[in-house]
Amino acid sequence: MSVEVLLVDEDHDVLEIVATFLGQEDDLSVTSQSDPEAALEMALTGDYDAVVSDFKMPKLDGVELCTAIREHDESLPFFLFSAREPEDVQPAATDAGVTAFVQKGTGTEQYSVLADRIRDAV
């Protein structure tokens, strides 16, 4: 069974890197979107098992995106994947109903952590 993941980040290079690493997992299938407003529509109308979003984006940040999705679907796992420090994001993320926060960093371990968190939630 493949887990359908919607990946949202305004930076096309980040989208490509994250999609590549997550796509190497046999059980994850990734769809990328750089426009958070389009991603909202996709999350509400598509058949995704999880959403992974950057925190800081134009128009709609990750917490706002999660809040908008939660208005329609409280059960869809939503992950913030951001370079921000957890203490900067955690209070707002918790209030919005974010499933988990994974910090971006150097190296590849962060992608394994993210993949594991997605699997655990789904």
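This passage describes the nonpolar cores, a helix pair and several individual residues of a predicted model.

Local features were considered only at pLDDT of at least 70 and side-chain atom pairs only at pLDDT 80 or more, whereas totals for chains, interfaces and linings use all residues. Residues are numbered from 1 along each chain as its sequence is written, and side-chain values rest on heavy atoms, with hydrogens and water left out.

The largest nonpolar core (buried Ala, Val, Leu, Ile, Met, Phe, Trp, Tyr and Cys residues joined through side-chain atoms within 4.5 Å) holds 24 residues, of which Leu6, Val8, Val51, Leu65, Ile69, Phe78 and Leu80 touch the most other members. Here buried denotes under 20% relative accessible area, exposed over 50%, and partly exposed the range in between, for a 1.4 Å probe and protein chains only. At least two residues of this core are supplied by each of strand E1 (3-8), helix H2 (36-45), helix H3 (62-70), strand E4 (78-82) and helix H4 (86-96), and the largest share, five residues, comes from H3. These elements are DSSP runs numbered from the N terminus, helices being H or I runs of at least four residues and strands E runs of at least two. A second, separate core comprises 17 residues, including Val3, Leu7, Val52 and Tyr111. When neighbours within four places in sequence are set aside, Phe78 is in contact (heavy atoms within 4.5 Å) with Val51, Ser53, Gly62, Leu65, Cys66, Ile69, Arg70, Val98, Thr99 and Ala100.

The axes of H3 and H4, as lines fitted to C-alpha atoms over the stretch in contact, with angles from 0 to 180 degrees between N-to-C directions, come within 9 Å and cross at roughly 10 degrees. The two helices H3 and H4 are therefore roughly parallel to each other, a class assigned to angles under 35 degrees, with over 145 counted as roughly antiparallel, 65 to 115 as roughly perpendicular and the rest as oblique. From H3, Val63, Cys66, Thr67 and Arg70 meet Ala92, Ala93 and Ala96 of H4.

Arg70, located in helix H3, is buried at a relative accessible area of 14%. Beyond its neighbours within four places in sequence, Arg70 is in contact with Ser75, Leu76, Pro77, Phe78, Ala96, Gly97 and Thr99, and a polar atom of its side chain lies 3.1 Å from the backbone oxygen of Gly97.

Two acidic residues in loops share a partner in Lys104. Asp9, in the loop between E1 and helix H1 (12-23), counts as buried at 3% relative accessibility, and its side chain is joined to that of Lys104 by a polar contact of 2.8 Å. A polar contact is a pair of N or O atoms within 3.5 Å; within protein, one atom must be able to donate a hydrogen and the other to accept it, and residues adjacent in sequence count only if both atoms are side-chain atoms. Asp54, in the loop between strand E3 (50-53) and H3, also counts as buried, at 9% relative accessibility, and its side chain makes a polar contact of 3.5 Å with the side chain of Lys104. With neighbours within four places in sequence left aside, the residues in contact with Asp9 include Asp54, Met57 and Lys104, while those in contact with Asp54 include Asp9, Glu10 and Leu80.

Lys59, in the loop between E3 and H3, is exposed, with a relative accessible area of 60%. The phi of Lys59 is near 75 degrees, a positive value in a residue other than glycine.
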